[in-house]
Amino acid sequence: MRATAITILILSILAACCSLCYAQIGIDSVIASPSTCANNGNINIFAHSNNTPLLYSITDGPVTVPAQSSNTFNSLPPGVYQLLVTNFSNDSALRFAAVYGNYTYPEFTTAFNPPTCSSSADGRIVATPTPQTGCPPFT
């Protein structure tokens, strides 16, 4: 009976050591917020590992971001992104996230009023935004 208890204890210790040696990354969730203008979407990755620190990167998508310690990516345009989380042991985990958005670039019609004479500065160019394009206010 005593030998069995010691064997179980030794196996438990070995299992704990092996789990530390082969640290894995768990991605708990990925939350993406839509882009309502050209590039104001964001992605937050929530991950854990018993071998920190974790590094987060965007390896594919409309924009890529090199490894960083922050789990948040800001100023993203709409699109599908490949996310990579890496820990101190160089273990990694991949996830995909979509930043939705239907932003269209602003369009304008222009009108030109020439100066009254060549030496005056009273000419004007007037730009009028086309409805349903861009993200006002326009300045």
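Ile31 sits in strand β1. This is a predicted model, so please hear every value as computed. Ile31 has a relative accessibility of 43%, and therefore counts as partly exposed. Who are its partners? Setting aside neighbours within four places in sequence, Ile31 is in contact with Asn42, Ile43, Asn44 and Phe46. Take one of those, Asn44. The C-alpha atoms of Ile31 and Asn44 lie 5.2 Å apart, with 13 residues of sequence separation.

Now follow Ile43. Its contact list, leaving out residues up to four places away in sequence, starts with Val30, Ile31 and Ala32. Asn71, Thr72, Phe73 and Leu76 are also on that list. So are Tyr81, Leu83, Ala97 and Val99.

That brings us to the core. How many residues does the largest nonpolar core have? The count is 17. Ile43, Ile45 and Val85 have the most contacts inside this core. Which elements give two or more residues to the core? They are β1 (25-33), β2 (41-49), β3, β5 (72-76), β6 and β7. As background, nonpolar side chains in soluble globular proteins tend to be buried together.

Step back to the whole chain. The secondary structure comes to 1 helix and 9 strands. Along the sequence, the pattern reads α-β-β-β-β-β-β-β-β-β. There are 139 residues in the protein chain, and buried residues make up 22% of them. The exposed surface is about 9500 Å², and carbon and sulfur atoms supply 60% of that area. Next, contacts between residues at least 6 apart in sequence. Of these, 48% join residues at least 24 apart.

On to the sheet. In what order do the strands lie? The order is β4-β3-β6-β7, in an open sheet of 4 strands with antiparallel pairing. The edges are β4 (65-68) and β7 (92-99), each of which pairs on one side only. On average, neighbouring strands of this sheet are turned by 25° against each other, direction ignored.

Look at the pairings one by one. Strand β3, residues 55-60, runs antiparallel to β6, residues 79-86, and 5 bridges join the two. Between β6 and β7 there are 8 bridges, again in the antiparallel sense. Gly79 stands opposite Val99 of β7.

Ser57 is a good place to stop. Ser57 belongs to strand β3. Its bridge partner in β6 is Leu84. Buried or exposed? Ser57 counts as buried, because its relative accessibility is 8% and the cut-off for buried is under 20%. Its contacts, not counting residues up to four places away in sequence, include Val65, Pro66 and Ala67. Phe73 is another, and so are Gln82, Leu83 and Leu84.

Now the backbone oddities. I have three.

First up, Pro53. Pro53 is in the loop between β2 and β3. The peptide bond from Thr52 to Pro53 is cis, with omega near 5°.

Next, Ser75. Ser75 is in strand β5. Its phi is near 60°, a positive value in a residue other than glycine. How covered is Ser75? Its relative accessible area is 47%, so Ser75 is partly exposed.

Last, Asn90. Asn90 lies in the loop between β6 and β7. These two strands form a hairpin with 5 residues between them, and Asn90 is in the turn. Its phi is positive, about 70°, although Asn90 is not a glycine. At 62% relative accessibility, Asn90 counts as exposed, because the cut-off for exposed is over 50%.

A word on confidence before we finish. The protein chain averages a pLDDT of 84, and 83% of the residues score at least 70. Where does pLDDT stay under 50? That happens over residues 14-21. For this stretch, the model has 2 contacts beyond four places in sequence.

To recap with the structure on screen. Start at Ile31 in β1. Step to Ile43, one of the residues with the most contacts inside the largest nonpolar core. Cross the open sheet in the order β4-β3-β6-β7. Then find the cis bond from Thr52 to Pro53, and the positive phi of Ser75 and of Asn90.

Terms used. Residues are numbered from 1 along each chain as its sequence is written. This is a predicted model: local features need pLDDT of at least 70, side-chain atom pairs count only at pLDDT 80 or more; totals for chains, interfaces and linings use all residues. Side-chain values use heavy atoms; hydrogens and water are left out. Two strands pair if DSSP finds at least two bridges between them. Axes are lines fitted to C-alpha atoms, for helices over the stretch in contact, and angles run from 0 to 180 degrees between N-to-C directions. pLDDT is the predictor's confidence in each residue, from 0 to 100. Contact means heavy atoms within 4.5 Å. A nonpolar core is a set of buried Ala, Val, Leu, Ile, Met, Phe, Trp, Tyr and Cys residues joined through side-chain atoms within 4.5 Å. Buried means under 20% relative accessible area, exposed over 50%, partly exposed in between (1.4 Å probe, protein chains only). Accessible areas come from the Shrake-Rupley method with a 1.4 Å probe; for residues, only the protein chains shown count as cover.
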